[in-house]
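Please open the structure in a viewer and keep its sequence alongside. The tour below proceeds by selections, each followed by a description of what is found there.

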Amino acid sequence: VVVLISSTIVRPVNTIPSGQTKIHLTPFDLTNLHIDYPQRGLLFPKPNPDFHLISRLKASLSLALEIYFPFAGRLAKVENLEDNTVSFFVDCDGSGARFHHAEAKTISVSDLLQPDGSVPDIMKQFFPADDFKNCDGVTEPLLVIQVTEMKDGFFVGYCYNHLVADGVSMWGFINTWSKICSSGSSSGHKPLVLKRWFLEGIDYPIHIPVSEAERAPPSRELSSVPVTKDRVFHFTKKNISDLKSKANSEVGSSDITISSLQAVTAHMWRSIIRYSGLSGEGETHCKVVVDVRRRVDPPLEKDCFGNMIYIQPAIATVEELLDRGLGWGALQINKLVNSQTSENCKKFAEDWVRNVKNLKTGVGSRMVGDSVLVGSSPRFEVYINDFGWGKPIAVRAGPGNNINGKLVLFPGIDEGSIDVQTTLWSDVLVNLLADVEFLEHVTTMTNDVAYSLYIYIYIYQHILTSDWRQKMADVTVVSSIIVQPENSNRSGGEKIHLTPFDLNLLQIDYTQRVDHQEDKTLSFHIDCNGSGARFIHATADSVSVSDLLQPDGSVPEIFKLFFPMNRVKNINGVSEALLALEVTEIKDGVFISFAYNHMVADGVSIWNFFRTWSRICKNGQRENLDRPIVLRQWFLDGIDFPIRIPPFLRQR
């Protein structure tokens with residue numbers, strides 16, 4: 001689907017400043033020798049054709065590389081024959097960064113941004129250099145960019161060598177590049193400030209045993225590694241506030257304050273480990289990336305260029321983590337972060353140099369599943385990066401370093417929110433999505449009408465014409481309520497079993513669930529408990545009938561806001577209404593739409609319901625309308641109901 005159009009090397013406009021052609025690497029850098037290049041990407045609206053996007057991006061990249069000159073270099077490797085070791089440093093030789101131009105003409109923004117937060121597999125093709133490890137920087141560029149043109153947007157994906165820079169430095173580069181592209185000039189940008197932290201008493205470049213420096217062969221475990229899926233979980237400002245309040249209340253100390261980030265991280269850690277199949281006495285780690293710029297003595301500039309992070313674990317037994325509550329888990333992370341003093345940083349570096357080992361383990365085993373690895377930061381300024389045709393619609397992480405429990409944190413679109421792109425084994429993800437305690441503090445477009453509308457408006461304000469943007473902004477949810485039956489359930493109709501015809505639609509976009517622990521299966525049936533249907537009242541005062549009914553038969557994008565439960569799956573009927581109706585008042589008409597659970601009814605049944613509802617509404621009464629509902633009475637002989645579904649068939 002994604003087709004590569006061209007691949008070129010972009011070099012800095014001018015030569016590298018004298019005296020800055022060689023950058024030594026510290027233990028913080030070299031610990032990353034065998035991990036994958038980090039991959040990130042921004043999704044943008046499509047600019048006007050006269051913007052000449054590709055040529056402008058390349059030209060501005062050349063100017064940005066003049067400022068961020070280490071990205072235009074290569075990793076240099078020196079063989080030390082006297083002690084059978086090797087050394088590495090960054091050679092700022094101006095070799096340049098690689099720039100891919102690709103096309104995915106059949107892919108639209110809505111294909112990539114799923115309402116439930118799932119990340120489609122095709123997303124992997126939007127990131128460059130999927131198999132680069134940092135040690136490959138000897139022959140490969142230290143920065144690779146891929147710009148993919150889509151049907152109604154652009155995706156700017158990139159990866160970079162983690163020996164050279166960390167997230168602070170990389171987002172600083174993206175911000176500078178976007179400003180240069182937008183303004184057409186690199187004037188006014190201050191010179192790059194390199195990190196100036198080197199351990200005393202250590203000779204540079206650091207010597208590494210040859211056995212630790214060689215690129216590891218493909219792992220034998222890859223063939224048996226469980227399948228992982230990515231999902232973006234959105235924490236609103238209120239979600240975060242509730243978690244923080246709960247954690248601090250459980251800690252119960254005026255001397256200790258659990259931060260928002262620590263509370264969210266602890267919530268993810270506990271929730272994931274709960275379903276990782278570990279024994280209670282087993283050990284689990286929450287590996288946190290710590291920025292030490294302001295922790296070393298003397299402190300460094302907060303935005304100095306380089307890699308000044310390292311990974312440290314909070315450790316607990318599974319039983320402790322799950323039994324002692326959110327506050328206890330957050331407290332372990334709090335203690336870990338606060339313990340990272342200048343002395344700790346120095347001791348880590350000294351110990352690492354004295355005993356270089358286990359570099360090839362990378363970020364951890366893909367088989368164990370006993371840890372979460374927390375990377376990136378919601379403090380990074382992601383959504384300010386405007387290259388001249390609009391701000392980003394979304395941010396995503398690529399498939400590099402994928403292990404069960406990888407958490408990549410970004411700021412959310414709405415102020416004060418956090419998005420956590422989570423990589424999990426499929427069975428862990430399925431269980432997490434059914435965990436009421438976990439979902440209580442997570443907001444998705446499938447369980448929050450206001451948030452769903454907010455996201456759709458944000459996205460389509462960027463990709464539609466100015467006239468349609470205004471119309472989109474005028475779509476407002478006035479109310480969202482549950483309408484329950486007037487009378488209680490009829491005798492004998494409380495439970496409806498589902499047939500193979502129903503269950504075949506379990507994963508179709510849009511139920512009571514029973515777990516069978518003895519054989520690890522699930523069953524579903526319809527619980528006719530009178531919980532009610534959802535009724536949404538909305539207005540779109542600037543939209544008219546003629547806007548919706550185009551002469552050429554085209555369906556405008558705004559129509560997506562006129563339907564409820566967009567892309568909710570039938571399996572969500574466990575927690576969602578089985579019927580949702582949305583009535584939208586427009587300038588000169590009314591649009592009535594509905595969404596229903598396909599395991600409960602088909603088109604024949606839903607249109608019969610609609611006809612009955614309309615007649616009741618018109619006549620003001622229900623007498624003398626239709627006969628009582630006749631339920632389907634077809635069940636296959638020889639099959640026990642409810643039907644049991646194995647785990648691999650219930651994955652979302």
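In what follows, helices (H or I, at least four residues) and strands (E, at least two) are DSSP runs, numbered from the N terminus. Two strands are said to pair if DSSP finds at least two bridges between them. The model is a predicted one, in which local features need pLDDT of at least 70 and side-chain atom pairs count only at pLDDT 80 or more, while totals for chains, interfaces and linings use all residues. Residues are numbered from 1 along each chain as its sequence is written, and side-chain values use heavy atoms, with hydrogens and water left out.

**First stop: strand β8 and its neighbours**

Select residues 143-150 and 153-160, which are strands β7 and β8. These two strands form a hairpin with 2 residues between them. They run antiparallel and are joined by 7 bridges. To find one of the contacts, select L143, whose bridge partner in β8 is Y160.

Next, add residues 39-45, strand β3, which pairs with β8 in the antiparallel sense over 7 bridges. Here P45 stands opposite G153 of β8.

Is β8 mostly covered or mostly open? It is mostly covered, as 8 of its 8 residues are buried, where buried means under 20% relative accessible area, exposed means over 50%, and partly exposed lies in between (1.4 Å probe, protein chains only). In a regular strand the side chains alternate between the two faces of the sheet. Both faces of β8 are covered: G153, F155, G157 and C159 are buried on one side, and F154, V156, Y158 and Y160 are buried on the other.

**Second stop: aromatic rings**

Select F44 together with F51, Y68, F71, F173, W177, F305, F387 and W389; these residues form one aromatic cluster. The structure as a whole holds 26 aromatic pairs, a pair being two rings of Phe, Tyr or Trp (its six-membered ring) whose centres lie within 6.5 Å; planes under 30 degrees apart count as stacked, over 60 as edge-to-face and the rest as tilted.

Within this cluster, display F44 and F387, an edge-to-face pair at 5.7 Å centre to centre with 85° between the planes. The pair links distant parts of the chain, for F44 belongs to strand β3 and F387 to the loop between β13 (371-376) and β14 (394-397), 343 residues apart. Both F44 and F387 are buried.

Then move to F563 and F591, which also form an edge-to-face pair, 5.4 Å centre to centre and with 75° between the planes. F563 lies in the loop between α16 (545-548) and β22 (579-586) and F591 in strand β23 (residues 589-596), so the pair ties together parts that are 28 residues apart in sequence. F563 counts as partly exposed because its relative accessibility is 37%.

**Third stop: cysteines**

Select C92 and C181. C92 is buried, with a relative accessible area of 2%, and C181 counts as buried at 2% relative accessibility. How many disulfides does the whole structure hold? A search finds 0, a disulfide being a pair of cysteine sulfur atoms within 2.5 Å.

**Fourth stop: backbone features**

Select Y204 and P205, which are joined by a cis peptide bond with omega about 0°. P205 is found in the loop between α4 (167-183) and β9 (208-209). Another cis peptide bond, with omega about 0°, joins D297 and P298; P298 lies in the loop between β11 (283-291) and β12 (309-317).

Now select N84, in the loop between β4 (74-80) and β5 (85-91). N84 has a positive phi of about 55° although it is not a glycine, and N84 is exposed, with a relative accessible area of 55%. Continue to N401, in the loop between β14 and β15 (406-411). Phi of N401 is near 60°, a positive value in a residue other than glycine. N401 is buried, with a relative accessible area of 13%.

**Last stop: a helix residue**

Finally, select E343, which lies in helix α10 (residues 342-354). E343 counts as exposed because its relative accessibility is 57%. Add R295 to the selection: E343 and R295 are 48 residues apart in sequence and 9.2 Å apart in space, C-alpha to C-alpha.
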